[in-house]
Amino acid sequence: MTNIEIDSDSGYCFGVVTAIRKAEEELERSGSLFCLGDIVHNSDEVERLRLKGLKTITHSELGRLRNVKVLLRAHGEPPLTYQTAKANNIEVIDATCPVVLQLQRRIKQAWDEASSLPDRPLFIIYGKEGHAEVNGLVGQTDGEAIVVQEESQLDNLDLDRDILLYSQTTKSPEGFSNIVEAIKRRKRKGSFRFFDTICRQVSGRMSKIREFAAAHDAVVFVSGSKSSNGKVLFAECLKTNPRAMLVSNVADIDLERLRGAGSIGICGATSTPKWLMTDIRNHLIDNL
């Protein structure tokens, strides 16, 4: 009999929990709500909420709406989004994660303070280009901050300017440290201040996911394809347990790879709902 365990530490972070709670409360009241972008980077959860009345819209669609309610998800938004909402008489249900909101304010304050300097520092965001949270952070600098994810991207930057470096909250501490050291090696003059702005609730899962993966013969890691956090955590899983498998839902499971395992662990990203991990556990119980 195979032992199948769901990781108790996996699943939504508090920012995502709050965003989904706010969406469900409004859907319960009115049966309809717009959400700017996918509420969470998990297509199965997006579909579940769509069936309840949640309509996902783009930024261009936001500009055409009038007199409606729009949820801003945990990832946060740039100032322009709030300006558009105000101009269009849109009621904003703001579910920006408090950690992200604090970081936005921190960058905005630094940017405003730097505006009085004769030479403004180079603002760098360690993160994924085009990611919703990163777009919101760059927006605090009037779109001027440079987004860097790989060391090679530093080649085209003037690193002898004064530099301020921040991180997307869901990136890995190791990756941030690597960028910091790469800038230090290349920098010949000017100041360099860097701020580890990674969410500790998220980064704290790194060590826990390694422990969980090591405790099982095989691992099924559940994550949506758009989840940056999922990519980081799965990479840690795979380092620890080469028998780790990345799936979005039940349809992706390769049962043959799991046969013969005495214990199977099921875990996921901060954007992975518990109900989806439970569905996968039930599927494995029924089919192995």
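Thr-58 is partly exposed, with a relative accessibility of 40%. In this predicted model, Thr-58 sits in the loop that links β3 (54-57) to α3. Its C-alpha atom lies 9.1 Å from that of Asp-38, a residue 20 positions away along the chain.

**Two residues with positive phi**

If you follow the chain past α3, you come to Asn-67, in the loop between α3 (59-62) and β4 (69-72). Asn-67 is not a glycine, yet its phi is positive, near 55°. Its relative accessibility is 56%, and because the exposed class begins over 50%, Asn-67 counts as exposed.

Asp-142 is another non-glycine residue with a positive phi, near 55°. Its loop runs between α6 (132-139) and β7 (146-148). Asp-142 is exposed as well, at 61% relative accessibility.

**A buried alanine in a loop**

Is Ala-74 buried or exposed? With a relative accessible area of 9%, Ala-74 is buried, because the limit for that class is under 20%. Ala-74 belongs to the loop between β4 and α4 (79-87). Which residues does Ala-74 touch, once its neighbours within four places in sequence are set aside? The contacts are Gly-15, Val-16, Ala-19, Ala-95, Thr-96, Cys-97 and Val-100. Two of these names are worth keeping in mind for the helices: Val-16 falls within the range of α1 (residues 14-30), and Val-100 is a residue of α5 that also meets α6. Ala-213, by contrast, is 139 residues from Ala-74 in sequence, and the two C-alpha atoms are 28 Å apart.

**Three pairs of packed helices**

Two packed helices are described by the angle between their axes and the distance between the axes. Here are three pairs side by side.

| Helix pair | Axis distance | Axis angle | Handedness of crossing |
|---|---|---|---|
| α1 and α2 | within 11 Å | roughly 20° | left-handed |
| α5 and α6 | 8 Å | about 30° | right-handed |
| α9 and α10 | within 8 Å | roughly 40° | right-handed |

Let us begin with α1 (residues 14-30) and α2 (residues 43-50), whose axes cross at roughly 20°. That angle makes α1 roughly parallel to α2. On the α1 side, the contact is formed by Ile-20, Glu-24 and Leu-27, and on the α2 side by Glu-45, Arg-48 and Leu-49. Sorted by class, this contact holds 3 nonpolar, no polar and 3 charged residues.

Next comes α5 (residues 98-114), packed on α6 at an angle of about 30°. This pair is roughly parallel too, because its angle falls under the 35 degrees that bound this class. From α5, the residues Val-100, Leu-103, Gln-104 and Ile-107 meet Glu-133, Gly-136 and Leu-137 of α6. The classes here are 4 nonpolar, 2 polar and 1 charged.

How are α9 and α10 oriented to each other? They are oblique. The helices in question are α9 (residues 205-214) and α10 (residues 228-240), and their axes cross at roughly 40°. The α9 side of the contact consists of Arg-205, Met-206, Ile-209, Arg-210, Ala-213 and Ala-214, while α10 supplies Val-232, Leu-233, Glu-236, Cys-237 and Thr-240. By class, the count is 7 nonpolar, 1 polar and 3 charged residues. Ala-213, the distant partner in the comparison with Ala-74, is thus one of the α9 residues in this contact.

**Cysteines without disulfides**

How many disulfides does the structure hold? The number is 0. Cys-35 takes part in none, and its nearest cysteine sulfur, on Cys-13, is 14 Å away. Cys-35 is also buried, with a relative accessible area of 0%.

Cys-267 is likewise in no disulfide, although the sulfur of Cys-237, its nearest, is 3.8 Å away. Why does this pair not count? A disulfide needs the two sulfur atoms within 2.5 Å, and the separation here is 3.8 Å. Cys-267 is buried, at 0% relative accessibility. Its nearest cysteine, Cys-237, is one of the α10 residues in the contact with α9.

Note on methods. Residues numbered from 1 in each chain as written. Predicted model: local features only at pLDDT ≥ 70, side-chain atom pairs only at ≥ 80, totals over all residues. Heavy atoms only, no water. Helix = DSSP H or I, 4+ residues; strand = E, 2+ residues; numbered from the N terminus. Buried < 20%, exposed > 50% of the residue type's maximum accessible area, 1.4 Å probe, protein only. Axes fitted to C-alpha atoms, helices over the stretch in contact; angles between N-to-C directions. Parallel < 35°, antiparallel > 145°, perpendicular 65-115°, else oblique. Left-handed = near helix turned anticlockwise from the far one by under 90°. Contact = heavy atoms within 4.5 Å. Nonpolar A, V, L, I, M, F, W, Y, C, P; charged D, E, K, R; others polar.
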